[in-house]
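Trainee: Could we go through this structure together? I would like to begin with a single residue and work outwards.

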Amino acid sequence: MAEAHAAPSTKTVERALNLLGVVCDRGSVSLAEAARDAELSASTALRLLRTMETAGFVRKEDDGYRPGMRIVQLGAQALANESLVSMAQESMRRLVAATGESAYLNVRSSAAGDSQNGIYIAVQEGTHSVRHSSWVGRSIPLEGTAAGAALTGLGSEGGLGSKGYIVVTDGVEADVTAIASPVVVGGRTVAALSVVAPSYRISAVDAERIGALLAAEASSILNPDLQSATSSKDRSDPTDQSERPRDVSRR
């Protein structure tokens, strides 16, 4: 008897998940297309889409339904458990220890229709009282950003060049500077390692120093023999570490 009562609810969940899969696979889909692909009536698809929209799993725009921020965040959290993030953690911790600034790991978005964006999948927050706070799960454009330049190998001033890193100010947020370097495996860029900080704290000398550290750490992530490459370099101590941290990230 219990199974008979549970069956309709199970079927609804299955339909909702199939419909969500259609939206994620297509990137942007109309109600009619979503209903057809999920083999549902238009009225059932609309009811399920409205429920998922309320929960943040999809969002409705002029051109149809798209994946919502909640599904993006869940995807980022799932990626955070993968081996790439695990292998990058030590490098990110060393960067924070050396600079006091927040360190991030970014990959290209794999969602259909979202190939021009990257997504932050991991962070080690800085130790300064005024610092850049977590953007894990946030999508950013590849064009005009440091992480995007590292992921694509392109930059506003001739690309990464021989330095192996790029510096971008005001790319995503005003008064914020990001420095990024690519993580390369077998000749293919799989991620971008970056440091993000308030611009007033990053001089040209600081950017050069942090960029060199980033390039070394990015190269070491998937090369254990190089993981101590930056340990012998001179590093300035983060300032005001004894202050109680305040989250002042501008969104």
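**From one residue to the sheet**

Mentor: E33 counts as partly exposed, at 26% relative accessibility. Please keep in mind that this is a predicted model.

Trainee: Which helix does E33 lie in?

Mentor: E33 is part of helix α2.

Trainee: And how far is E33 from A45, going by the C-alpha atoms?

Mentor: Their C-alpha atoms are separated by 9.9 Å, and the two residues are twelve residues apart along the chain.

Trainee: Which residues are joined with E33 in a salt-bridge network?

Mentor: R26, E33, R36 and D37 form one network through salt bridges that share partners. One of its links is between the side chains of R26 and D37, with 2.5 Å from N to O. This pair links distant parts of the chain, since R26 is in helix α1 (residues 2-26) and D37 in helix α2 (residues 31-37), eleven residues apart.

Trainee: What does R36 bind to there?

Mentor: R36 forms a salt bridge with D37, and the closest N and O atoms are 3.6 Å apart.

Trainee: Are R36 and D37 buried or exposed?

Mentor: R36 is exposed, because its relative accessible area of 55% is over the 50% cut-off. D37 has a relative accessible area of 35% and is partly exposed. R26 is likewise partly exposed, with 34%.

Trainee: How many salt bridges does the structure hold?

Mentor: There are ten salt bridges. Among them is the one in which the side chains of R201 and E101 meet, at 2.7 Å from N to O. R201 lies in the loop between β9 (188-198) and α7 (204-220), and E101 in the loop between α5 (83-99) and β3 (102-108), so this salt bridge ties together parts that are 100 residues apart in sequence.

Trainee: Are R201 and E101 buried or exposed?

Mentor: Both R201 and E101 are buried.

Trainee: Changing topic, what is the strand order of the six-stranded sheet?

Mentor: The order is β6-β4-β3-β9-β8-β7, in an open sheet with antiparallel pairing. The edges are β6 (139-141) and β7 (166-169); each has a single partner strand, so one side of each is left without a neighbour in the sheet. On average, neighbouring strands are turned by 35 degrees against each other, direction ignored.

Trainee: How many bridges pair β3 with β4?

Mentor: Six bridges, in the antiparallel sense, pair β3 with strand β4 (residues 117-124). For R108, the bridge partner in β4 is G118.

Trainee: Which strands does α7 touch?

Mentor: α7 packs on the sheet and touches β7, β8 (176-185) and β9. The direction of α7 makes about 25 degrees with that of β8.

Trainee: Back to the helices. What span should α3 have, given its 13 residues?

Mentor: At 1.5 Å a residue, helix α3 (residues 42-54) should span 18 Å, and its end C-alpha atoms are indeed 18 Å apart, which agrees.

Trainee: Which residues of α3 are buried?

Mentor: T44, A45, L48, L49 and M52 are buried in α3. They cover an arc of only 125 degrees around the axis, so they are on the same side of α3.

Trainee: What does the face turned away from that buried side carry?

Mentor: That face of α3 carries the exposed residues S43, R50, T51 and T54.

Trainee: Which residue takes a positive phi just after α3?

Mentor: G56 does, with a phi of about 85 degrees.

Notes
Residues are numbered from 1 along each chain as its sequence is written. This is a predicted model: local features need pLDDT of at least 70, side-chain atom pairs count only at pLDDT 80 or more; totals for chains, interfaces and linings use all residues. Side-chain values use heavy atoms; hydrogens and water are left out. A salt bridge is a side-chain nitrogen of Lys or Arg within 4 Å of a carboxyl oxygen of Asp or Glu. Helices (H or I, at least four residues) and strands (E, at least two) are DSSP runs, numbered from the N terminus. Buried means under 20% relative accessible area, exposed over 50%, partly exposed in between (1.4 Å probe, protein chains only). Two strands pair if DSSP finds at least two bridges between them. Axes are lines fitted to C-alpha atoms, for helices over the stretch in contact, and angles run from 0 to 180 degrees between N-to-C directions. Contact means heavy atoms within 4.5 Å. The expected span of a helix is 1.5 Å times one less than its number of residues. The arc is that of the directions from the helix axis to the C-beta atoms.
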